[in-house]
Amino acid sequence: MIVVAAPVLKQEFFSFSFNVIFITAMGLHIYYTEYRLKRSVMLLLSGNVLAVTSGKGGVGKSTISINLALALADMGKKVALIDLDIYGFSIPKMLDLSSNPKTVNNKIIPVGFDNIKVMSMGFLVKENAPVVWRGPMLGKMLDHFFNDVIWGELDYTILDLPPGTGDVALDMHQKLPDCKEIIVTTPHPTAVHVAERAGTMAKKSGKRILGVIENMSYFSPQGSSETFHLFGNGGGEKLAALLNTSLIGQIPVIPPPNDKQVSSKCNENQEIKSIYQKAAITIDHLDVPFTS
Ligand SMILES: Nc1ncnc2c1ncn2[C@@H]1O[C@H](COP(=O)(O)OP(=O)(O)OP(=O)(O)O)[C@@H](O)[C@H]1O
């Protein structure tokens with residue numbers, strides 16, 4: 001019997017296959033087997049990767065990414081936060097971080113905030129300069145963030161995605177096949193309609209949607225027991241049903257911080273902090289460790 005193993009590199013990222021041909025007295029048998037390279041071999045990102053996404057802009061993806069990262073870190077998890085909004089980066093400003101990351105042997109050391117490690121395009125451009133790039137450059141920057149940063153051991157990486165279902169979302173889906181998604185919407189029907197497209201894209205590329213977070217769900221004036229649904233009611237629940245997932249958090253409208261409180265972390269507000277903590281516990285419970 002003669003055995004021939006012919007490796008075939010597939011287009012899918014980090015995936016390769018073998019056509020194994022057995023030539024025996026009974027004839028020719030061709031077996032097709034597919035192996036996936038263990039991701040940790042190829043990427044410096046370890047642990048679970050969660051993409052915070054929504055088709056719509058301005059619904060609170062960055063705010064939720066920051067606060068979920070902090071809530072997971074409060075649970076003792078090792079957490080990285082990557083701002084994948086290459087054109088519209090906002091996390092450095094929201095966290096009031098200005099320091100440029102240091103490098104060691106051509107690898108970048110992420111910027112620390114509380115117990116989380118942060119990376120953003122905003123750390124790499126000079127003084128809020130606009131990023132004017134075409135699609136292929138975005139993919140290279142993603143590789144840079146995933147492979148050329150010294151992340152160390154991680155339990156969770158939170159990816160703050162840009163709005164829409166464009167190049168960054170496509171590249172991310174391809175480069176991180178085991179990434180799971182959290183879809184953000186407001187209660188407003190338009191936001192739900194657009195966010196559904198982001199969810200459908202995730203499903204089509206085989207990603208698991210861990211749940212929906214509804215932001216700006218309601219407003220309760222301080223000292224009042226009244227609740228106002230400024231942007232409608234029930235959008236998060238509707239989206240969760242449409243995507244066959246669960247609603248894992250409803251964040252109220254929070255009055256904007258004054259000029260001195262630039263940081264968008266909600267840790268100071270106990271009510272909001274406990275909503276994020278519950279969402280983080282739910283995510284940690286729903287999530288399964290990376291195994292293959
Ligand atoms: N629950 C909330 N209450 C009040 N303001 C909020 C809330 N969530 C977010 N914001 C504010 O809304 C604005 C947009 O939020 P954020 O940048 O997090 O949204 P985004 O979806 O990441 O936006 P983009 O699509 O531009 O990346 C910010 O000024 C933020 O502080």
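**Exercise 1.** How many residues surround the ligand, and which are the closest?

*Solution.* The model is predicted. Step one is the count: the ligand is surrounded by 18 residues. Step two is proximity: Gly-57, Gly-60, Lys-61, Ser-62 and Thr-63 are the closest. Step three sorts the shell by residue class, giving nine polar, seven nonpolar and two charged residues. Step four asks for the origin of these residues: helix 2 (residues 61-74) supplies the largest share of the shell, namely three residues.

**Exercise 2.** Determine the strand order of the eight-stranded sheet and identify its edge strands.

*Solution.* The strands of this open sheet follow the order 8-9-5-10-4-11-12-13, and their pairing is mixed. Strand 8 (111-113) and strand 13 (247-251) form the edges, since each pairs on one side only. From one strand to the next, the twist averages 25°.

**Exercise 3.** In which sense do strand 5 and strand 9 pair, and over how many bridges?

*Solution.* In general, strands of a sheet pair through backbone hydrogen bonds, in either a parallel or an antiparallel sense. For strand 5 (residues 79-83) and strand 9 (residues 116-120), the sense is parallel, with five bridges. At the residue level, Ile-82 is found opposite Met-119 of strand 9.

**Exercise 4.** Which strands do helix 6 and helix 8 meet, and at what angles do they run?

*Solution.* Consider helix 6 (residues 189-204): it lies across strand 4 (48-53), strand 11 (180-185) and strand 12 (208-215), and runs at about 170° to strand 11. Helix 8 (residues 270-286) packs on the sheet and touches strand 4, strand 12 and strand 13. The direction of helix 8 makes about 165° with that of strand 13.

Note on methods:
Residues are numbered from 1 along each chain as its sequence is written. This is a predicted model: local features need pLDDT of at least 70, side-chain atom pairs count only at pLDDT 80 or more; totals for chains, interfaces and linings use all residues. A residue is near a molecule or strand if its C-beta atom, placed from the backbone, lies within 6 Å of it. Helices (H or I, at least four residues) and strands (E, at least two) are DSSP runs, numbered from the N terminus. Ala, Val, Leu, Ile, Met, Phe, Trp, Tyr, Cys and Pro count as nonpolar, Asp, Glu, Lys and Arg as charged, and the others, Gly among them, as polar. Two strands pair if DSSP finds at least two bridges between them. Axes are lines fitted to C-alpha atoms, for helices over the stretch in contact, and angles run from 0 to 180 degrees between N-to-C directions. Two residues are in contact if their C-beta atoms, placed from the backbone, lie within 7 Å.
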